[in-house]
Amino acid sequence: MTPQRVAGFPFTFACRRSGNCCAIPGGFVRVTADEAQSIAAHLGLEPAVFARRYLRPDGERLVDGLGSRCVFLRDGAEAGCSIYPVRPAKCRTWPFWPEVLADPALRRLVERTCPGIEPLAQD
Ligand code: SF4
C-alpha cells in the first residue's frame, strides 16, 4: 500500500491493521446524525434501536466495546472494522486530524499508537 500523505502533516500513513486507533484508552468515536443513520441502515437496524444499542446518551458518540475498544472493532490476525464501508469521517481521516497538528501531546499519542505512521525526514 502506498503511504498516504497530506500537506502540512509531518508524517505518512499506511494502515497496518493493528486496530490500535480503534482502542485508544479514554478515546471515543464521534458520529454525526447522518453517520448514525448510515451505520444503522448498514446493520439493518431502525435508527432508534441503533441509538439504544450503540450510542451513548449524548447521541453523538459510540458506546465502548470491551475495555476501551470501539464496539465495532473485529478481532482477528488483522484487526478490522465491522462497519468499514460506513465508518465515521473521524475514522476515515485518521491520523490526519487538524487537532493533531494543533496539539503536540495528541500528536505524540497518535504517533505512539499507530505503527502505520512514519515521520517524514526533516529538511
Ligand atoms: S468505527 Fe470502525 S474504524 Fe472507527 S473506531 Fe470503530 S472499529 Fe475503528
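**View 1. The ligand takes up the largest pocket of this predicted model.** The pocket holds about 1100 Å³ of space. Of the 47 residues that line it, C21, C22, K90, C91 and W94 come closest to the centre. Which elements give two or more residues to the lining? Those are the strands β2 (73-74) and β3 (80-81), plus the helices α3 (89-92) and α5 (104-113). Sorted by class, the lining has 28 nonpolar, 9 polar and 10 charged residues.

**View 2. Zooming in on the shell around the ligand.** Here the ligand is surrounded by C22, V29, C70, F72, L73, C81, I83, P88 and C91. How many of these shell residues are nonpolar, polar or charged? The split is plain: 9 nonpolar, no polar and no charged. The lining of the whole pocket, for its part, includes 9 polar and 10 charged residues.

**View 3. F9 and F96 meet edge-to-face.** A search of the whole structure turns up 7 aromatic pairs. In the one shown here, the ring centres of F9 and F96 sit 5.2 Å apart with their planes at 85°, so the pair counts as edge-to-face, the cut-off being over 60 degrees. F9 belongs to the segment before β1 (11-13) and F96 to the loop between α3 and α4, so the contact ties together parts that are 87 residues apart in sequence. Are the two partners buried or exposed? F9 is buried, at 9% relative accessibility, and F96 is buried too, at 10%. Both also belong to one aromatic cluster, together with F11 and F13.

**View 4. Y54 and F72 make a tilted pair.** Their rings are 4.7 Å apart centre to centre, with 40° between the planes. Y54 comes from helix α2 (residues 47-54) and F72 from the loop between α2 and β2, so this pair links parts of the chain that are 18 residues apart. Y54 is buried at 17% relative accessibility, and F72 is buried at 4%. F72 turns up in the ligand shell as well.

**View 5. D103 and R112, two charged residues with some exposure.** D103 sits in the loop between α4 (98-102) and α5, while R112 is part of helix α5 itself. How exposed is each of them? D103 is partly exposed, with a relative accessible area of 34%, whereas R112 is exposed, at 65%. From D103 to V29, 74 residues away in sequence, the C-alpha distance is 18 Å. R112 and N20 are 92 residues apart along the chain, and their C-alpha atoms are separated by 9.8 Å.

Terms used: Residues numbered from 1 in each chain as written. Predicted model: local features only at pLDDT ≥ 70, side-chain atom pairs only at ≥ 80, totals over all residues. Heavy atoms only, no water. 1 Å grid on protein atoms, 1.4 Å probe; cavity = no way out; pocket = protein on both sides within 12 Å on 5 of 7 lines; lining within 4 Å. Points joined across faces, edges and corners; volume = space filled by probe spheres on them. Helix = DSSP H or I, 4+ residues; strand = E, 2+ residues; numbered from the N terminus. Buried < 20%, exposed > 50% of the residue type's maximum accessible area, 1.4 Å probe, protein only. Near = heavy atom within 4 Å. Sits in = over half its atoms within 2 Å of the grid points. Phe/Tyr/Trp six-rings, centres within 6.5 Å; stacked < 30°, edge-to-face > 60°.
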